[in-house]
Each structure stands twice: as C-alpha cells, then as structure tokens.
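Colleague: Before us is a structure that is new to me. May I ask for guidance on how to read its features?

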Amino acid sequence: MMKNEKNLNDRLESLLASLPAGRGYLILFLHRVQQEFGYLPEEALARAAEYFAISPAEVYGVATFYSAFQMKPGCRHELVVCHGTACHVRGAEAVSAELSRLLGVEPGKEEPGKEVAIHQVNCLGCCALAPVVVVDGEYHGRVTRNSLEKIVEKLAGKK
Amino acid sequence: MSQKKVRTVGELQNLRLRLQAAPGRRRLVSLSAASCGRASGALEVARALEAEIRKRGLEETVELRLTGCHGFCQLEPDLVIFPEKIFYPNLSPGMIPRLVEETLVRGRLVPELAFSPGPGQGFYPKLDELPFLRKQVRWLLDRHLTLDPDSLDSYLEQGGFLALEKVLSGLSPVEVINTVLASGLRGRGGAGFPTGLKWRLAREAGGTEKYLICNGDEGDPGAYMDRGLLESNPFSVIEGMLIGGYAVGAGKGFIYIRQEYPLAIERVERALEKTGAAGLMGKNILGTDFSFELELVRGAGAFVSGEETALIASIEGRRAFPRQRPPFPVVRGLWGQPTVINNVETWANVPLVLQNGPAWFSRVGTPGSKGTKIFSLVGKVRYTGLVEVPFGLTLGEVIEEVGGGAEPGRKIKAVQTGGPSGGCVPERYLDHPLDYESLKDIGSMMGSGDMLVMDEENCMVDIARFHLEFTQDESCGRCTPCRIGAKRLLETLRKITEGRGEEEDLELLEELAFDVRDASLCGLGQSAPNPVISTMRYFKDEYIAHVRDKTCPAGVCKALLDYTVDEAQCSACGLCARVCAAGAITGARGQTYRIDPGKCTKCAACYAKCPKKAIARGARKEAAIIGNTGIHTGSAGQEERAAL
C-alpha cells in the first residue's frame with residue numbers, strides 16, 4: 001500500500017513537472033491525469049488545488065463540469081453510442097436499446113463488476129456515417145442490427 | 001521536410017518554387033482518410049493499395065497520398081487519381097487489384113467501380129462530372145484533394161503562405177483589416193459578425209497584450225465542418241491566424257479544439273510544430289518585427305464552451321461559464337485583454353481573401369453574405385457529406401441538386417439549419433436563399449453550417465424534444481431562465497410525446513419558449529427554444545395530433561404506437577418471437593404470431609427482423625380498440641406503418 005501511494009505521488013509530480021506554468025493549465029493537467037490513470041484519483045485533485053493555489057472545491061468544480069473527466073476507474077470495454085441529431089434521426093435510440101439488450105448493460109450506467117459500459121454522447125461529428133458506435137476507440141459507421149450483433153460477438157471474443 | 005528555418009520572404013519564395021519545380025511522380029492517388037474515411041475502412045484500403053502498387057512495380061510512377069476529407073462522406077472511402085481526376089467511391093480492399101491493374105497499369109477506366117446515382121442511371125468516372133458537384137464552389141474543400149495534412153511542404157507547394165508573404169512584405173495592419181472589411185467576410189460560426197470590423201475593434205482597444213482564439217469547439221450535433229477543415233488543412237487556419245495576429249497586434253493565439261476530435265488535435269499539433277520549426281511562427285517571422293505564438297487547447301467536453309465568453313473561461317482553466325456581454329471579448333477577453341475569437345472556417349478563409357483580394361472574394365455570394373459556406377449535409381438525403389456552396393443558393397438547390405434529394409421513395413418534410421439552436425422550416429421554403437438574413441426571416445438561422453434534412457418518418461415534436469434534451473443537459477446552470485426554463489420546456493415536450501399532453505401545454509410551451517429566449521444570459525439559452533418555436537409555428541398540426549388524438553403521425557413516439565402482426569402477410573416463420581427480448585410475441589410455426597401489447601416494449605426489433613414486413617406499427621388508438629374488443633383484425637394500423 002505504501003509503495004502504491006508513493007508511486008501515485010511520483011506519477012502526479014512528474015505530470016506536474018511537464019506542465020507549462022499558469023493557472024490556465026489546470027484542465028490540461030486533469031486531461032493528463034485522466035490519460036495516465038483512466039480517471040481522476042482524489043489525490044490528484046487535492047494536489048492540483050495545492051499546486052495551482054486554488055481551493056479544492058474549485059478544482060472539483062472544474063473536474064465535474066466537463067464530461068471528459070471521470071471520478072471512478074472505467075470499465076474494460078467502453079462502447080460509445082452517438083446520440084447526435086443525425087444519429088437520432090437514423091435510429092440511435094434503437095441502437096442503444098439493442099446494444100443494451102445484447103450486452104445486458106444499461107446505457108449511461110457503470111455497473112460494478114461489468115466488463116462493458118455503454119456510454120451515450122451528444123455528437124462525435126461523423127454524422128454522415130450515422131448511426132455511429134465506437135468500440136474501444138474504433139469507429140463503426142452505419143450500424144445495423146446485424147452489425148451490432150457482430151460487434152458484440154467480437155467483443156465477447158476479446159475477453 | 002523543411003526543417004531549415006525560413007528567414008526572409010525571399011527564402012520562403014525560393015523554397016516554394018523549389019518544391020513546385022521538383023519532379024513529381026507521374027500520378028497522384030489521393031485517398032480520403034479523415035475520421036469519416038477511416039471509420040469506413042480507408043486505412044485497410046491504403047494498405048491494399050500500397051501492397052498492390054509495390055507488387056506491380058509502380059512505386060516510381062505512382063504516389064499514394066492519404067489526404068483529409070474530400071467531402072463525399074456517403075461514398076467513403078474514395079480516391080481521386082490525378083492528373084485525370086478519375087474518381088472511385090466506396091472502396092474496399094477487394095476492389096484494389098482490379099483498379100490498379102486497369103487504371104494505373106493499363107490506363108483504362110473501370111465503369112463498374114465508378115460512381116453511379118442508381119441502376120440504369122449511368123456512370124460518372126471523372127470527379128469534375130459528378131452531378132452533386134455542379135452547384136458547389138469548393139474554394140476550401142478542393143484544396144483537401146491534393147494536400148497531405150501532415151506536410152508543410154505539401155501546403156507550400158499548393159501556394160500556402162502566399163497570403164502571409166504578401167502581408168508581411170508590405171501591407172500595414174490597417175491595410176490588412178481594410179482588405180478583410182472590403183471582402184465582406186463574416187463570421188462563419190453563426191452570428192455573421194463582419195470579421196474585419198471585429199479585428200478593427202480589437203486593434204483600437206487599449207490593453208497591454210492582445211489575443212486571438214480559433215473556436216474549434218464544434219459542439220452542435222450534426223456539424224463537422226470544422227473537424228473536416230482541421231483534419232484536412234490545419235495550415236490554412238494557422239496562416240489565417242498569423243495574418244490576424246499581425247492585423248490586430250496580438251502576440252499570442254489559441255486554437256481550441258473539442259476533445260471528441262482526436263485526429264484534428266493530432267494534426268493541428270503536428271502542423272504547429274512544423275510551422276514553428278520552419279520559422280513561420282515564433283519570433284521575428286520572415287525577418288520582420290512581427291512575432292506570434294500559437295498554442296493548442298484541448299476542450300474537455302462541454303457544449304457551452306463554444307460560446308465565446310465560456311470558451312475564454314475554459315482556456316483560463318475554469319468552468320466554462322458564460323458571462324454577460326458587453327463588454328465584448330474584443331474589449332475584455334482572455335485574461336481581461338482584448339481578444340478576437342473567430343471560427344475555424346473564418347480563419348481558413350482569411351488567406352484566400354488576402355491572397356486573391358477582396359474583389360475576387362466578394363464576387364461570389366449575395367449582397368450581404370459573401371463567399372462560400374461549408375455545410376454538413378446530413379439526415380435523410382441521398383448524399384450526405386461536407387458541401388461547399390456560394391451564399392445565395394436556395395435550400396432546395398442544396399438538398400435536391402447537391403444532396404441528391406430525398407432517399408428513394410421518401411418525401412422531404414423539413415430542414416433544420418443551425419443545429420439545436422436553429423429552427424426547423426418546412427419543405428415549402430425550399431426555394432428560400434441561404435444567407436444570414438433570409439434564414440432569420442423564416443425563423444431559422446445560419447448557425448455554423450449544419451443542415452439536417454428530415455422526411456415524413458421524422459416526428460417534429462420528437463425532434464423538438466430531442467433538441468431540448470440536449471440543450472437542457474448542456475445548460476451550464478448559471479442563469480435561471482435557461483437552467484429551469486429549458487427543463488420545464490423539456491418536461492412539457494416529454495409529456496406530449498408520451499401521450500400525457502393536454503391542450504394547455506401547448507400554450508405553456510409557447511409562452512415559456514419566448515421567455516427563455518428573451519431572458520437567458522448567453523446564446524445557448526437564448527437559442528435553445530428555437531426548435532420549439534419553429535416546429536410549433538410550422539407543424540402545429542403534429543402537436544395537436546399528439547395532444548388531442550394521442551397519435552404520432554410520423555410513427556416515432558413510442559408511447560403512442562402499437563405493434564401488430566398483419567396476419568395476411570405473416571408467414572409464421574417465428575423470427576419475430578425469437579428476436580423479442582420482452583417475450584411479447586407468441587405463436588407457433590405454421591400459425592400466425594401475435595404481439596401482446598401489455599408486454600411489448602416497442603423496441604422495434606421484430607419490425608426490423610421480419611422478412612415479410614408483416615409487423616405493422618400503427619397509432620395506439622386503433623390498437624387500443626383491438627385490445628379492448630379482443631378482435632384481431634390483423635391489418636390494423638397498416639396505413640400508418642413507418643420504418644425504423
């Protein structure tokens with residue numbers, strides 16, 4: 001435990017050391033923490049408050065305002081269903097419902113113990129390919145019920 | 001690689017001439033490989049092309065270039081072979097050997113692989129003959145066809161930095177501003193403020209430091225013009241900002257890109273590095289006393305940060321809260337200093353204006369709106385994609401001639417420009433010209449350029465609800481009219497789409513929509529009611545159908561629908577029962593199947609699966625009668641059936 005803590009603090013310090021100086025870089029720091037750990041550990045927020053000389057409440061306010069930051073570790077597989085306008089008119093709700101049915105996971109909820117999470121986002125900007133699903137960073141355009149089944153099968157294979 | 005620093009205008013000219021004179025390989029194969037292309041398999045096609053080119057020994061004569069977005073999203077991945085501009089759409093690795101053999105080795109066209117609007121409608125093997133390009137004026141997009149977005153040399157070869165060169169070799173900042181003013185260039189982010197005037201105000205404002213910002217927080221669902229530009233030609237935005245920095249007297253600029261655009265971020269980062277390494281950015285650019293630095297800022301996922309004062313707060317490392325204007329950012333912006341914020345497309349237009357002159361630029365467009373505008377044409381049209389058209393083209397020309405019209409067998413019902421902030425206008429306004437003022441006249445707005453086409457299968461009440469879901473969710477919560485007003489609007493719309501609406505709700509909706517519009521602090525809240533106001537203005541009958549008759553004429557609102565099996569069509573194959581997750585479908589092979597309305601979750605799985613199209617989706621009222629009487633007529637609701 002002691003070793004892990006030390007490790008965490010070291011990692012935070014090296015992230016801070018690579019940061020340009022200035023209050024404006026709080027969000028950049030949070031991005032880098034999120035990238036390094038997959039979420040924002042509480043220690044990172046406390047350290048940021050100290051480093052940028054602002055209150056922990058302000059750091060927490062920024063961290064929770066933006067949807068890029070997560071306060072808890074993520075799932076092993078992340079599925080993102082685009083719910084932008086173009087995807088909506090081409091059936092994004094049915095896509096979410098079908099994925100949810102196939103995977104047994106409720107969209108928008110991170111259920112403890114589950115390997116997969118389904119996120120719904122507002123727009124990925126690939127509107128011409130609507131409806132769009134992103135599986136662990138890989139884009140799938142013009143998905144259909146059949147291609148969703150394949151996506152889920154492939155995901156099961158990866159486990 | 002031009003690693004060596006370019007120190008003077010003369011050196012830049014020499015470098016460009018050298019690049020342009022270098023003997024290129026005979027043929028250039030340009031493959032669209034921006035985000036959309038990649039999602040459609042462009043990288044696999046690229047690998048197949050590389051292998052085939054090597055196999056046929058064509059490395060010396062053929063150059064494969066992965067470019068940004070060509071604009072034909074529906075036809076991705078596509079390639080253009082220069083110099084003839086042969087165009088092949090919808091590629092897959094399997095098509096590559098034949099394509100290389102026929103076209104690159106033997107110099108013949110493969111008509112079957114060329115674009116065709118449909119069976120029996122001919123083939124269009126040449127880019128310049130494509131029917132959907134006829135009405136377009138692709139000043140910006142055409143440059144994507146030959147540009148390697150990661151190469152400064154490629155940009156220079158195309159005449160890149162000619163505008164900066166011209167500016168720094170003799171124009172005064174005031175002359176630059178006057179040129180931009182005279183061109184009539186207006187902000188492409190949506191508000192349409194004259195760019196030259198904004199620059200002049202910032203130049204004339206006091207202050208120790210001045211800043212420029214490129215707003216690439218393209219949050220409107222349905223919009224991706226800025227992503228297209230940043231991924232395909234990041235250098236043009238950088239050049240535009242360098243010119244702006246010189247004109248305004250700013251020493252530093254920021255390019256703010258939403259984090260949902262990883263490829264755009266990567267490419268802009270690389271372009272900034274290369275521009276800096278070549279000495280075109282930094283201290284004493286081209287030997288003048290003009291110094292300018294640019295920094296990339298990655299957004300963190302908040303729609304409101306596209307609002308200019310909120311974006312400034314975000315760059316300052318705070319929550320993206322908008323603030324009261326005035327003072328406008330040109331007077332008090334980033335860190336309290338005068339700041340010019342322009343949209344990505346505006347910055348990309350700046351080099352064109354300076355290089356070609358204001359008269360050239362303003363010959364295209366309408367009296368009030370000059371130049372071209374890129375739209376992301378999405379929704380229910382045949383050819384979705386990025387299109388660039390001159391201002392003044394009608395909505396109908398864009399949808400019918402550029403977009404290819406409605407999908408086969410469908411009819412266009414409405415068009416929305418301006419995303420969740422814009423209005424939905426009915427099909428009868430298709431002859432209305434596209435420019436900043438005339439869109440306002442019909443209750444919509446230019447917006448940043450998203451154009452969503454809807455047909456008879458889209459419910460306008462549902463669209464209004466959908467947009468309010470978005471704006472309500474993205475409301476930052478700072479001002480009450482937006483925080484609570486948008487929430488109440490949404491609740492009322494949900495009530496209506498769920499079949500619990502009453503006639504008073506329509507009055508409430510109308511009154512509240514105008515209150516939220518008039519009383520909100522920033523553009524988000526002020527424009528959030530637009531979808532409600534415009535759909536109530538043009539599609540009141542649909543609202544009445546939901547409230548009074550409890551039906552959804554388009555067959556979208558789940559609570560108002562029932563699924564039934566048309567026994568005459570049913571072949572009793574049992575697929576529907578197998579796919580039904582709710583166990584609502586019963587029957588046996590050889591007999592017809594039935595759907596229990598009590599168990600049905602209306603997920604439409606059976607509807608999509610049925611090979612005989614025997615599942616009907618109809619208004620609930622009819623189905624309710626069937627339910628009450630126990631009479632199963634089978635064909636009930638067939639008229640109102642609608643596809644997913």
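Colleague: How many of the 644 residues of chain B, as a percentage, count as buried?

Modeller: This is a predicted model, in which local features need pLDDT of at least 70 and side-chain atom pairs count only at pLDDT 80 or more, while totals for chains, interfaces and linings use all residues. Residues are numbered from 1 along each chain as its sequence is written, and chains are lettered from A and ligands numbered from 1 in the order in which they are written. A residue is buried if 20 or more other C-beta atoms, placed from the backbone, lie within 10 Å of its own. In chain B, 54% of the 644 residues meet this criterion.

Colleague: Which residues of helix H4 of chain B are buried?

Modeller: Helices are DSSP runs of H or I of at least four residues, and strands are runs of E of at least two, numbered from the N terminus. In H4 (residues 96-105), the buried ones are Ile96(B), Leu99(B), Val100(B), Thr103(B) and Leu104(B). They span an arc of only 105° around the axis, which places them on the same side of H4(B); the arc is that of the directions from the helix axis to the C-beta atoms.

Colleague: What covers the buried residues of H4(B)?

Modeller: Contact requires C-beta atoms, placed from the backbone, within 7 Å. The cover includes helix H3 (42-55) and the strands E1 (27-32), E2 (62-67), E3 (79-82) and E4 (86-88) of chain B. Just after H4(B), Gly107(B) has a positive phi of about 70°.

Colleague: How many residues does the contact take from chain A and from chain B?

Modeller: Chain A gives 35 residues and chain B gives 45 residues.

Key: Buried ≥ 20, exposed ≤ 12 C-beta atoms within 10 Å, placed from the backbone. Contact = placed C-beta atoms within 7 Å.
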